[in-house]
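Thanks for making time this morning. I would like to walk through one model with you, element by element, and I suggest keeping the structure open while I talk.

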Amino acid sequence: MKKVERINTIMRYINNRARFTVSEIMWEFNISRSTAIRDIREIEAMGMPLVAEVGRDGGYFVMNNSVLPTVRFTDNELKALFIAFMATRNLQLPYLKSRHSLAEKLLGLISQNQQDDLVLLNQILMFEGTNPHHPDLLDLSDLPHPMLEKLIKMLLTDRHLFVSVEVEREIRSYPIYVLHLYREKSVWLIEAFDLEEEQQRILPVDHLTEVSPYQGRRRISKKKIAEQLSRQAETSNLVLDLGPKAIAQFKKYHPFKFSISYTNPYQTSASLSAYIHVDDSEALTEITNWLLFLGDDVQIRQMPEEVATCIRKRLS
């Protein structure tokens with residue numbers, strides 16, 4: 001049993017008893033006396049109000065009238081949660097108000113010393129997208145689209161939905177099965193299977209005007225959808241070999257659907273195969289920018305002429 005798991009289990013054991021001794025902890029968890037005493041001291045440092053009884057048969061008991069949370073966090077766990085909150089507070093994530101209340105509840109559970117550490121971290125750490133002069137400032141652009149939380153709530157019940165989307169000032173509606181909900185380049189997108197057209201669609205959440213449960217009969221299982229998409233998958237027209245510098249750039253950013261396969265056990269070389277829609281001018285510009293972003297540690301094995309032409313124009 002790992003240390004953190006053991007300590008959490010010991011805390012639950014303690015919280016269910018009026019009193020306990022070091023010997024009982026040793027026997028129950030099959031640990032040495034020194035380990036038991038060290039764990040008890042760490043539990044005290046985490047804020048559990050233990051009182052030691054003096055005497056031959058002395059032990060410990062939990063102070064009466066103390067409200068104890070069912071879950072306790074170590075110092076490192078608290079820092080990990082807090083830093084995760086800091087790193088994602090400007091990323092248009094859903095449930096922003098709930099994140100705020102959760103942070104306040106966490107602060108209410110921890111000691112003053114732990115609070116002081118988190119305040120200091122807030123002053124020292126900066127993340128991409130954070131206003132350096134007002135780190136806690138949330139701009140309107142930081143708030144997610146109001147439809148996002150409604151969409152997530154429905155997806156937890158059923159992934160078959162009926163959505164209405166505004167496209168070029170026209171409202172279009174689709175019965176869909178949601179494959180993924182993802183965020184790319186600060187935009188939330190729905191990767192869906194159109195149940196009528198039986199093809200894949202990418203729908204921006206920002207363009208949604210209405211979302212409702214799908215009441216029609218065209219319900220298809222996830223397995224059958226995967227089979228259909230597999231048959232429709234385009235043959236790769238972009239094949240690259242990446243060196244270590246290009247792999248590092250790939251990890252910083254890559255299109256959602258792109259993945260690499262490492263070609264040696266040290267992960268210093270990799271290959272990439274993908275399909276590029278060359279008839280989409282916007283997609284063509286995006287892929288050109290991204291390929292230039294990868295740098296010159298790339299060997300081209302296959303590339304559409306349209307993409308190669310765009311790259312030559314940019315480089316000239």
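**Helix 10 and the core around it**

Let me begin with helix 10, which has 14 residues and spans 20 Å from its first C-alpha to its last, close to the 20 Å expected at 1.5 Å a residue. I should say at once that this is a predicted model, and what follows should be heard with that in mind.

Which residues of helix 10 are buried? They are Leu-284, Ile-287, Thr-288, Trp-290, Leu-291 and Leu-294, and these buried residues pack against strand 9, helix 9, strand 11, strand 12 (298-302) and helix 11.

That brings us to the largest nonpolar core, which has 21 residues, and in which Phe-258, Leu-272 and Leu-291 have the most contacts. Two or more residues of this core come from each of strand 9 (238-242), helix 9, strand 11 (270-274), helix 10 (281-294) and helix 11 (305-315), and of these elements helix 10 gives the most, with five residues.

Leu-272 is a convenient place to look at the packing in detail. If we leave aside its neighbours within four places in sequence, Leu-272 is in contact with Leu-238, Val-239, Leu-240 and Leu-242, with Phe-250, Phe-258, Ser-259 and Ile-260, and also with Trp-290, which is one of the buried residues of helix 10. There is, in addition, a second, separate core of 19 residues, and Ile-152, Val-165, Leu-203 and Val-211 are among them.

**The five-stranded sheet**

Let me turn to the sheet. It is an open sheet of five strands in the order 7-6-5-4-8, and the pairing is antiparallel. Strand 7 (199-204) and strand 8 (208-213) stand at the edges with a single partner strand each, so one side of each has no neighbour in the sheet. From one strand to the next, the twist averages 45°.

Within this sheet I would like to dwell on strand 6, starting with its pairing to strand 5. How many bridges join strand 5 to strand 6? There are eight, between residues 170-184 and residues 187-194, with the two strands running antiparallel. Along this pairing, Leu-181 of the one strand stands opposite Ile-190 in strand 6, and Tyr-177 stands opposite Phe-193, again in strand 6. The hairpin that these strands make has two residues between them, and Lys-185 in that hairpin takes a positive phi near 50°.

On its other pairing, strand 6 meets strand 7 in the antiparallel sense over six bridges, with Glu-191 opposite Ile-202 in strand 7. Strand 6 and strand 7 also form a hairpin, here with four residues between the strands, and Glu-198 in the turn has a positive phi of about 55°.

Is strand 6 mostly covered or mostly open? It is mostly covered, with seven of its eight residues buried. As for the helices that lie across the sheet, helix 7 (residues 147-155) lies across strand 4 (160-167), strand 5, strand 6 and strand 8, and runs at about 20° to strand 8. Helix 8 (residues 222-232), by contrast, lies across strand 5, strand 6 and strand 7, and runs at about 95° to strand 5.

**Salt bridges**

Finally, the charged pairs, where the count comes to nine salt bridges; I will discuss some of them.

Lys-257 and Glu-191 meet through their side chains in a salt bridge of 2.4 Å, N to O. This pair links distant parts of the chain, since Lys-257 lies in the loop between helix 9 (244-252) and strand 10 (260-262), Glu-191 lies in strand 6, and they are 66 residues apart. Glu-191 counts as buried because its relative accessibility is 2%, where the cut-off is under 20%.

Lys-79 and Asp-117 form another salt bridge, at 3.8 Å, N to O. Here too distant parts of the chain are linked, with Lys-79 in helix 4 (residues 75-88) and Asp-117 in helix 6 (residues 112-124), 38 residues apart. Lys-79 is partly exposed, at a relative accessible area of 25%, and Asp-117 is likewise partly exposed, at 35%.

The last pair I will mention is Arg-312 with Glu-305, whose closest N and O atoms are 2.5 Å apart. Arg-312 is partly exposed, with a relative accessible area of 47%, and Glu-305 also counts as partly exposed, at 47% relative accessibility.

Conventions: Residues numbered from 1 in each chain as written. Predicted model: local features only at pLDDT ≥ 70, side-chain atom pairs only at ≥ 80, totals over all residues. Heavy atoms only, no water. Pairing = 2+ DSSP bridges. Axes fitted to C-alpha atoms, helices over the stretch in contact; angles between N-to-C directions. Contact = heavy atoms within 4.5 Å. Salt bridge = Lys/Arg side-chain N within 4 Å of Asp/Glu carboxyl O. Buried < 20%, exposed > 50% of the residue type's maximum accessible area, 1.4 Å probe, protein only. Core = buried A, V, L, I, M, F, W, Y, C linked by side-chain atoms within 4.5 Å. Expected span 1.5 Å × (residues − 1).
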